[in-house]
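Subject: Structure handover and findings

Hello,

Here is the structure for your work, with my notes below it. Please read the notes alongside the coordinates.

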Amino acid sequence: MGMKSAIYPGSFDPVTFGHLDVIRRAADIFDELTVSVLNNHLKTPLFSVEERVKILEEATKDIPNVKIDSFSGLLIDYAKRKNVHVAIRGLRAITDFEYELQIAQTNRKLSDGDLDTMFFTTSLEYAYLSSSSVKEIASFNGDVSMCVPDFVAELMYKKYGHR
């Protein structure tokens with residue numbers, strides 16, 4: 001069959017220990033994992049796409065089979081261009097599931113069965129973590145060291161003018 005590849009798409013604004021946990025676990029299963037930053041024009045991100053790519057490269061530099069990329073538009077189109085047939089998504093809670101299930105089914109339908117989704121359930125110690133709550137804590141100069149790598153925390157505090 002050749003190399004098995006997967007794409008882990010997301011905003012990663014910023015990347016959390018929860019994301020990194022999924023990245024490590026998926027990288028153990030697939031020969032090649034592309035972590036790809038979604039450029040969502042509807043959201044105003046804390047970090048630019050370029051910054052998020054750089055941050056992910058730094059955060060995953062010890063995992064040799066992980067590549068970092070970015071994309072706009074539909075995941076199915078991006079996956080087709082990359083010739084990848086599996087998307088990775090993390091599930092934190094039952095509330096994530098309904099939304100993610102819908103997207104997974106839609107992607108499978110729109111891609112004529114060409115793109116499957118594999119779900120990783122978040123490790124319990126990271127189940128509470130979301131990028132938005134991490135941003136909120138950092139914006140008030142709270143401690144985010146349990147949520148993100150130290151260098152990411154520093155970059156966040158800088159963005160919010162706390163350093």
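What do the 17 residues of α4 span at 1.5 Å a residue, and how far apart are its end C-alpha atoms? The expected value (1.5 Å times one less than the number of residues) is 24 Å, and the end C-alpha atoms are 25 Å apart, which agrees.

First, the conventions. This is a predicted model, in which local features need pLDDT of at least 70 and side-chain atom pairs count only at pLDDT 80 or more, while totals for chains, interfaces and linings use all residues. Residues are numbered from 1 along each chain as its sequence is written, and side-chain values use heavy atoms, with hydrogens and water left out. Helices (H or I, at least four residues) and strands (E, at least two) are DSSP runs, numbered from the N terminus.

Helix α4

Helix α4 covers residues 94-110. Its buried residues (under 20% relative accessible area; exposed is over 50%, partly exposed in between; 1.4 Å probe, protein chains only) are Asp 96, Glu 100, Ala 104 and Asn 107. The cover over these buried residues includes α3 (75-82), β4 and β5 (116-121).

After α4 comes Asp 112, with a positive phi near 55°, although Asp 112 is a residue other than glycine. Asp 112 sits in the loop between α4 and β5 and is exposed, at 74% relative accessible area. Ser 111 belongs to the loop between α4 and β5 as well, but Ser 111 is buried, at 9%. From Ser 111 to Ala 138 the C-alpha distance is 39 Å, for 27 residues of sequence.

Salt bridges

A salt bridge here is a side-chain nitrogen of Lys or Arg within 4 Å of a carboxyl oxygen of Asp or Glu. The count by this rule is 10. Three of interest follow.

- Arg 89 and Glu 100 form a salt bridge, with the closest N and O atoms 2.7 Å apart. Arg 89 is in strand β4 (residues 86-91) and Glu 100 in helix α4, so the pair ties together parts that are 11 residues apart in sequence. Arg 89 is partly exposed, at 23%, whereas Glu 100 is buried, at 6%.
- Arg 24 and Asp 62 form a salt bridge, with the closest N and O atoms 3.2 Å apart. Arg 24 is in helix α1 (residues 17-29) and Asp 62 in the loop between α2 (49-59) and β3 (66-71), so this pair links distant parts of the chain, 38 residues apart. Arg 24 is partly exposed, with 38% relative accessibility.
- Glu 32 and Lys 67 form a salt bridge at 3.4 Å, N to O. Glu 32 lies in strand β2 (residues 32-38) and Lys 67 in strand β3, so the pair ties together parts that are 35 residues apart in sequence. Glu 32 is partly exposed at 22%, and Lys 67 is partly exposed at 38%.

Strands β2 and β3

These two strands pair (DSSP finds at least two bridges between them) in the parallel sense, over 6 bridges. Lys 67 in β3 has Thr 34 opposite. With α2, the strands β2 and β3 make a right-handed β-α-β unit; right-handed means that, with the strands pointing away from the viewer, the path from the first strand over the helix to the second runs clockwise.

The loop between β1 and α1

Two residues in the loop between β1 (5-10) and α1 deserve a look: Pro 14 and Phe 12. The peptide bond between Asp 13 and Pro 14 is cis, with omega about 0°. Phe 12 is not a glycine, yet has a positive phi of about 50°; Phe 12 is buried, at 4% relative accessibility.

What does the side chain of Ser 131 reach at 2.8 Å? The partner is the backbone oxygen of Pro 14, a polar contact (a pair of N or O atoms within 3.5 Å; within protein, one must be able to donate a hydrogen and the other to accept it, and residues adjacent in sequence count only if both atoms are side-chain atoms). Ser 131 is found in helix α5 and is buried, at 15%. Beyond neighbours within four places in sequence, Ser 131 is in contact (heavy atoms within 4.5 Å) with Asp 13, Pro 14, Thr 16 and His 19.

Met 146

Met 146 lies in the loop between α5 (131-139) and α6 (150-159) and is exposed, at 59% relative accessibility. Not counting residues up to four places away in sequence, Met 146 touches Phe 17 and Tyr 128. The C-alpha atoms of Met 146 and Phe 17 are separated by 8.0 Å, with their positions 129 residues apart along the chain.

Regards
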